[in-house]
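Thanks, everyone. Let me put the model on the screen and walk you through a few parts of it.

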Amino acid sequence: MITFKPISHYCSNDCLKKFECGNKNLNEYLVKYARQNEHKQISRTFLLLDNLTVVGYFTLATADLDIESFGPEEKKKLPNYPIPCIRIARLAVDIKYQSKGHGKYLLKEIIKKVISISSVVGVFALIVDSKNESIEFYEHFGFKSLETKDNTLALPIATLLK
Ligand SMILES: CC(C)(COP(=O)(O)OP(=O)(O)OC[C@H]1O[C@@H](n2cnc3c(N)ncnc32)[C@H](O)[C@@H]1OP(=O)(O)O)[C@@H](O)C(=O)NCCC(=O)NCCS
């Protein structure tokens, strides 16, 4: 049975250790740091589970961007102080479950959460520091590269609310 839960509701280290998405840092983050950062109130991690197997996960945190990160059209509309954003700090799907729509499902869950957060606190954009090989995945869903940071992509909340 497929379920979706916060990592705080799920603590089996053995299951987290079996997660293998093809990227060592993303595997290691899940086992070593996701729960630590949860306790430190730094980020929130959610798991997609197939019974006790981790299918995928994402981690969200707040972030801000300098106005210089945006293109001339957006710059004209923005104030000259840090622009509030939500960062997809991590997003990964286990190799066995990739290319079956799970990444898309997780991204939709992220978007739902970010829309909900944006009703009580200002959020200009959802951003991600993408791995090179995943840039096209994010572009596929409307993320656009920023002016100043090569691998950072953004999706404005105004676009999501339309
Ligand atoms: C990137 C990743 C999360 C995608 O998850 P996934 O479950 O394989 O993707 P999905 O099956 O949900 O694909 C959704 C859509 O994105 C497209 N897509 C998936 N990966 C893509 C890629 N690397 N480049 C371009 N398009 C991609 C699919 O074709 C699909 O298109 P459709 O909606 O028209 O059918 C997953 O491959 C992964 O975990 N990779 C390794 C870790 C990683 O790089 N994470 C990102 C860190 S920033």
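A word on terms before the ligand: a residue is near a molecule if its C-beta atom, placed from the backbone, lies within 6 Å of it. This is a predicted model, so local features need pLDDT of at least 70, side-chain atom pairs count only at pLDDT 80 or more, and totals for chains, interfaces and linings use all residues. Residues are numbered from 1 along each chain as its sequence is written.

Now the ligand. 22 residues surround it. The closest are Gln98, Gly103, Lys104, Glu136 and Phe137. What does the shell contain, by class? Seven nonpolar, ten polar and five charged residues. Here Ala, Val, Leu, Ile, Met, Phe, Trp, Tyr, Cys and Pro count as nonpolar, Asp, Glu, Lys and Arg as charged, and the others, Gly among them, as polar. E4, H4 and helix H5 (135-140) each supply at least two residues of that shell. Those labels are DSSP runs, numbered from the N terminus: helices are H or I with at least four residues, strands are E with at least two.

Next, the sheet. Seven strands form an open sheet, with mixed pairing, in the order E1-E2-E3-E4-E5-E7-E6. Strand E1 (2-6) and strand E6 (144-145) stand at the edges with a single partner strand each, so one side of each has no neighbour in the sheet. Two strands pair if DSSP finds at least two bridges between them. E3 and E4 pair in the antiparallel sense over ten bridges. One of the partners: Thr62 bridges to Ile86 in E4.

On to H2. Its 16 residues (24-39) should span 22 Å at 1.5 Å a residue, and the end C-alpha atoms are 23 Å apart, which agrees. The expected span is 1.5 Å times one less than the number of residues. Where does H2 bend? At Leu30, by about 50°. That bend is the angle between axes fitted to the seven residues ending there and the seven starting there.

Tyr29, Leu30 and Ala34 are the buried residues of H2. Buried is 20 or more other C-beta atoms within 10 Å of a residue's own, exposed is 12 or fewer, partly exposed is in between, with C-beta atoms placed from the backbone.

Last, two loops. Gln41 lies between H2 and E2. Its phi is positive, about 65°, although it is not a glycine. Gln41 counts as exposed because it has 7 C-beta neighbours inside 10 Å. Ser99 sits in the loop between E4 and helix H4 (102-117). Ser99 is not a glycine, yet has a positive phi of about 60°. With 8 C-beta neighbours inside 10 Å, Ser99 counts as exposed.
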